[in-house]
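This report describes the sheets, the helices packed on them and the surroundings of the ligand. The sequence and the structure are shown first.

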Amino acid sequence: MLEVSNLTKRFGGLAAVNDVSVRFEANKVNAIIGPNGAGKSTFFNLIAGTHKPTSGRIVLDGVDITEEPCDQIARLGVARTFQTTNLFEQATVLDNLIVGHRLRTRSGLWDVLINSKRLQREEKASRDKAREVLDFVGLSHVENRFIADVTQEERKRVAFALALATDPKIVLLDEPAAGVNPEETEGLADLMRKMVKSGLTVCLIEHKMDMIMGIADKIMVLDHGEKISEGTPEQVRNDPVVIEAYLGSDDDAAA
Ligand code: ADP
Ligand code: MG
């Protein structure tokens, strides 16, 4: 599905991602864990094309996407959510989806601003897509509510929906359960299971170990930009190298 070879990203003297090779399997939950600053988000930025690697290769379903621009990578089926998703607070859930869908699928902001004829024709397609993904993530009942009036968990679902609206093959979720309570976290985990069931490949960065251990098929552990461990939840949990990395750091990663 996704094959990463010897991926490195340097910011000045800092190797945020250092010679990482990994394969993500189709139709599975592939998780990435590691202490703060380990390079997890940077790794996603490289796959999505937001940052270009210093060296290494990224191959998606046999296609080398290493040098592709991010809009092309999105078209090839890679979608992502961000650690903090900016939503339009004073617009409805549905309108956030419609605008998000346009911004992600159209050639430019200019088209959106001038509301071209072409866009008017595409309006219905955007609306239908928005409704479809809102139904999938379980938000149909709040589609007309303003973002400012929905719960934190519902915002997270909107972020999922935004990613799904681009018809991806693989979805990169960056700490999707940050700031929601345990019960809501379980709801988001169920949604990820549903995504996998529908044929998607999920790639998940998360700090909540209970969730990761319960949902991941495979885990990669990053520390200081390097892959220090990889395997099933059971294998990773019992890996002395991982235990050392977590005990040796004083952030909240093991919480
Ligand atoms: P994580 O998501 O695992 O917490 P990040 O990928 O955000 O870690 O960051 C890894 C390291 O790279 C950190 O030391 C961070 O400060 C650095 N870094 C991330 N993005 C940039 C950037 N755009 N410019 C410079 N340094 C960055
Ligand atoms: Mg991060």
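Two strands are taken as paired if DSSP finds at least two bridges between them. The model discussed here is predicted.

**The four-stranded sheet**

On this basis, valine 59 has aspartate 64 of S5 as its bridge partner. Strand S4, which covers residues 55-60, runs antiparallel to S5 and is joined to S5 by 2 bridges. Both strands belong to an open sheet of 4 strands, in the order S2-S1-S4-S5 and with antiparallel pairing. The edges are formed by strand S2 (14-24) and strand S5 (63-64); each has a single partner strand, so one side of each is left without a neighbour in the sheet. Helix H1, residues 40-48, packs on this sheet and touches strand S1 (2-11), S2 and S4. The direction of H1 makes about 65 degrees with that of S2.

**The six-stranded sheet**

A further open sheet has 6 strands in the order S6-S7-S8-S3-S9-S10, and its pairing is mixed. Here strand S6 (78-80) and strand S10 (226-231) stand at the edges; because each has a single partner strand, one side of each lacks a neighbour in the sheet. From one strand to the next, the twist averages 20 degrees.

Strand S9 (residues 218-223) and S10 run antiparallel and are joined by 5 bridges. Among the bridge partners, leucine 222 is matched with lysine 227 of S10, and valine 221 with serine 229 of S10. The hairpin of S9 and S10 has 2 residues between the strands, and in this hairpin histidine 224 takes a positive phi near 50 degrees.

Helix H1 packs on this sheet as well, touching strand S3 (29-33), S6, strand S7 (170-174), strand S8 (201-205) and S9. The direction of H1 makes about 150 degrees with that of S7. Helix H7 (residues 182-197) also packs on the sheet, where S3, S7 and S8 are touched. The direction of H7 makes about 150 degrees with that of S8.

**The surroundings of ligand 1**

Which residues are around ligand 1? They are Phe11, Leu14, Ala16, Pro35, Asn36, Gly37, Ala38, Gly39, Lys40, Ser41 and Thr42. By class, this shell has 5 nonpolar, 5 polar and 1 charged residues. Polar contacts to oxygen atoms of ligand 1 are set out below.

| Residue | Part of the residue | Distance to an oxygen atom of ligand 1 |
|---|---|---|
| Glycine 37 | polar backbone atom | 2.8 Å |
| Glycine 39 | backbone N or O atom | 3.0 Å |
| Lysine 40 | side-chain N or O atom | 2.8 Å |

Taken alone, ligand 1 exposes 560 Å², of which the protein buries 61%. The elements that give two or more residues to the shell are S2 and H1. Helix H1 gives the most to the shell around ligand 1, with 3 residues. Helix H1 thus recurs throughout this description: this helix packs on the sheet that contains S1, S2 and S4, packs on the sheet that contains S3, S7 and S8, and contributes to the shell around ligand 1.

Conventions
Residues numbered from 1 in each chain as written. Chains lettered and ligands numbered in written order. Predicted model: local features only at pLDDT ≥ 70, side-chain atom pairs only at ≥ 80, totals over all residues. Heavy atoms only, no water. Contact = heavy atoms within 4.5 Å. Axes fitted to C-alpha atoms, helices over the stretch in contact; angles between N-to-C directions. Near = heavy atom within 4 Å. Polar contact = N/O pair within 3.5 Å; in protein donor to acceptor, adjacent residues only side chain to side chain. Areas by Shrake-Rupley, 256 points an atom, 1.4 Å probe, with all protein chains shown as cover. Nonpolar A, V, L, I, M, F, W, Y, C, P; charged D, E, K, R; others polar.
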